[in-house]
Amino acid sequence: MRRFIEGIQTMQTHRAALVACAAAVVLALGGCKRTAADTAPAVTPSGETPAPTNRIDINASVRQNLGITFAQVETRDVARTLRVPGRFELLPTARREYRVSMPGTVELLVEQYQSVEIGTPLFKLDSPRWRELQGQLTEATANVALAEAEFASIAPFMAAHENHHREIQNAVALWTERVAVLERLQSAGGARGEDVAQAKASLATVRSDLAETFEKEAELTARGVEATTHRETARARLTLLMQSAASLSGRTPAELVTIADGTPLWQTLGTIEVRALSRGVIDELPAPSGSFVDQNAMVMATVQPEEVRFRANAMQSDLGRLSNGLSASVVAPQGGSLANADAVAGTLTLAPTAQAERRTIEIIMTPTAGVPVAAWARAGVAGFVEVVMAGAGRAELAIPLSCVARDGTKSIIFRRDPKDPNMAIRMEADLGIDDGRWVVVQSGVAE
């Protein structure tokens with residue numbers, strides 16, 4: 001295993017912590033009154049004065065009283081790390097508004113900040129427009145039934161006409177043959193002219209009837225086309241009205257035509273129940289329950305708090321080392337309960353335009369897809385985005401800048417004794433560059 005060195009990170013400045021510790025030691029040893037024995041240097045049993053040491057006692061009581069925490073030395077590319085303050089914001093797709101497409105009275109079924117899932121009932125709408133649509137659906141359904149009946153009647157008419165046409169054709173054939181026979185007999189002197197004339201008259205009559213059947217057939221064909229057109233038109237109108245009803249009611253057309261107790265669902269719906277189309281949290285409720293809202297009015301809005309991105313403003317002078325797709329992470333501000341919160345990792349995107357007046361450009365960090373975002377990363381929360389910029393660099397040992405204390409002109413750090421966790425070693429810090437949060441330690445510590 002690697003041997004690591006821990007730096008001490010305190011909620012107060014380390015110099016103040018050491019003064020408080022020293023004061024506590026003085027009070028414990030001698031109270032408030034100084035005596036000659038108090039001012040005398042401590043001696044060992046052999047009579048020798050102990051040598052000064054750079055070790056400080058940080059037992060459990062001291063750590064608890066001073067709120068001391070520890071930070072581990074890390075290997076970081078501090079020289080290429082850019083830290084920019086900014087804030088989290090919701091993604092454009094994280095917010096969903098629920099509006100009404102027709103005027104009516106709303107009844108809320110959820111409360112503000114309530115979590116909802118897909119399909120959760122949100123509110124009911126009682127609208128006169130829905131009653132009108134139900135009437136139109138009733139009329140359209142009746143028209144479809146009439147058109148279907150008209151279309152269905154064409155087939156029997158056509159069948160009867162075909163039989164009639166066939167019988168007349170048979171009659172024409174018979175009378176044609178009868179006329180031919182009589183004409184041959186008349187030529188031989190065996191038939192009277194009156195019989196021939198009567199047969200020809202009958203033939204002319206059946207031929208006239210045959211011509212009428214052709215006319216009737218054309219009429220029936222036209223009626224069939226008309227019935228088909230009426231049926232398709234009625235069906236299309238009913239389909240469009242059903243789709244409108246589905247859009248207004250939040251139900252599918254298949255659900256609306258479901259038969260219950262002999263009646264389709266769309267006829268029994270007195271109010272429209274709007275359900276959640278995506279999971280989220282109820283954010284806004286501009287329309288109170290029982291109020292009348294106009295068409296297209298917003299009744300409520302939901303958000304997905306975890307769908308966030310981080311927006312910050314970088315200097316235009318850093319554009320040469322910034323590009324789309326760079327790895328970035330967002331860390332919480334130092335101090336408080338978020339001091340040790342997990343960072344949010346993602347990729348960087350540069351805004352298409354910059355701000356000339358401020359000499360800045362917006363940079364957006366989008367969290368890595370599929371990775372849960374830390375609970376503290378909510379819209380409006382401030383933080384710092386850390387971007388490892390393009391260019392040459394190298395990893396160096398670094399500690400949090402908050403672990404460095406000032407003693408006059410000297411920078412002091414305290415490292416925990418690896419042999420005794422209740423002792424801290426005071427060291428003059430040999431520091432390098434910093435990025436505002438981490439500082440390079442050039443000596444005195446090792447991996």
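This report describes some strands, aromatic rings and helices of the structure shown above.

The model is a predicted one, and every value below was computed from it.

**A run of three strands**

A convenient place to begin is strand S23, which covers residues 410-416. Of its 7 residues, 6 are buried, so strand S23 is largely enclosed by the rest of the structure. On one side of it in sequence comes strand S22, made of residues 405-407, and these two strands pair in the antiparallel sense over 3 bridges. One of the residues to look for here is Arg406, whose bridge partner in S23 is Ser411. S22 and S23 form a hairpin with 2 residues between them, and in that turn Gly408 has a positive phi of about 70 degrees.

Strand S23 also pairs with strand S24 (residues 423-428), again in the antiparallel sense, this time over 5 bridges. In this pairing, Arg416 stands opposite Ala424, a residue of S24. S23 and S24 likewise form a hairpin, with 6 residues between the two strands.

**Aromatic rings that meet across the chain**

The count of aromatic pairs in the model comes to 2. In one of them, the rings of Phe88 and Phe310 have planes at 80 degrees to each other and centres 5.0 Å apart, so this pair is edge-to-face; the angle needed for that label is over 60 degrees. The pair links distant parts of the chain, since Phe88 belongs to strand S5 (residues 81-90) and Phe310 to strand S16 (residues 308-315), with the two residues 222 apart in sequence.

Phe88 also forms an edge-to-face pair with Trp376, where the centres are 5.6 Å apart and the planes meet at 80 degrees. This pair too links distant parts of the chain, 288 residues apart, because Trp376 lies in the loop between strand S19 (360-367) and strand S20 (382-388), while Phe88 is in strand S5. Through these ring pairs, Phe88, Phe310 and Trp376 are linked into a cluster.

How buried are the members of this cluster? The table gives the relative accessible area of each residue, and a value under 20% counts as buried.

| Residue | Relative accessible area | State |
|---|---|---|
| Phe88 | 1% | buried |
| Phe310 | 1% | buried |
| Trp376 | 11% | buried |

**Charged ends over rings**

Rings in this model also have charged groups placed over them. The charged end of Arg83 sits over the ring of Phe384, at 4.3 Å from the ring centre, and the charged end of Arg231 sits over the ring of Phe151, at 3.8 Å from its centre.

**Two helices**

Helix H5 covers residues 193-249, which is 57 residues, and at 1.5 Å a residue it should span 84 Å. The C-alpha atoms at its ends are 83 Å apart, which agrees with that expected span. After H5 comes Gly250, a residue whose phi is positive, near 80 degrees.

Helix H4 runs over residues 128-188 and contains Gln134. With a relative accessible area of 11%, Gln134 is buried. Which residues is Gln134 in contact with, leaving aside its neighbours within four places in sequence? They are Trp266, Gln267 and Leu269.

Terms used: Residues numbered from 1 in each chain as written. Predicted model: local features only at pLDDT ≥ 70, side-chain atom pairs only at ≥ 80, totals over all residues. Heavy atoms only, no water. Buried < 20%, exposed > 50% of the residue type's maximum accessible area, 1.4 Å probe, protein only. Helix = DSSP H or I, 4+ residues; strand = E, 2+ residues; numbered from the N terminus. Pairing = 2+ DSSP bridges. Phe/Tyr/Trp six-rings, centres within 6.5 Å; stacked < 30°, edge-to-face > 60°. Lys NZ or Arg CZ within 6 Å of the ring centre and 35° of its normal. Expected span 1.5 Å × (residues − 1). Contact = heavy atoms within 4.5 Å.
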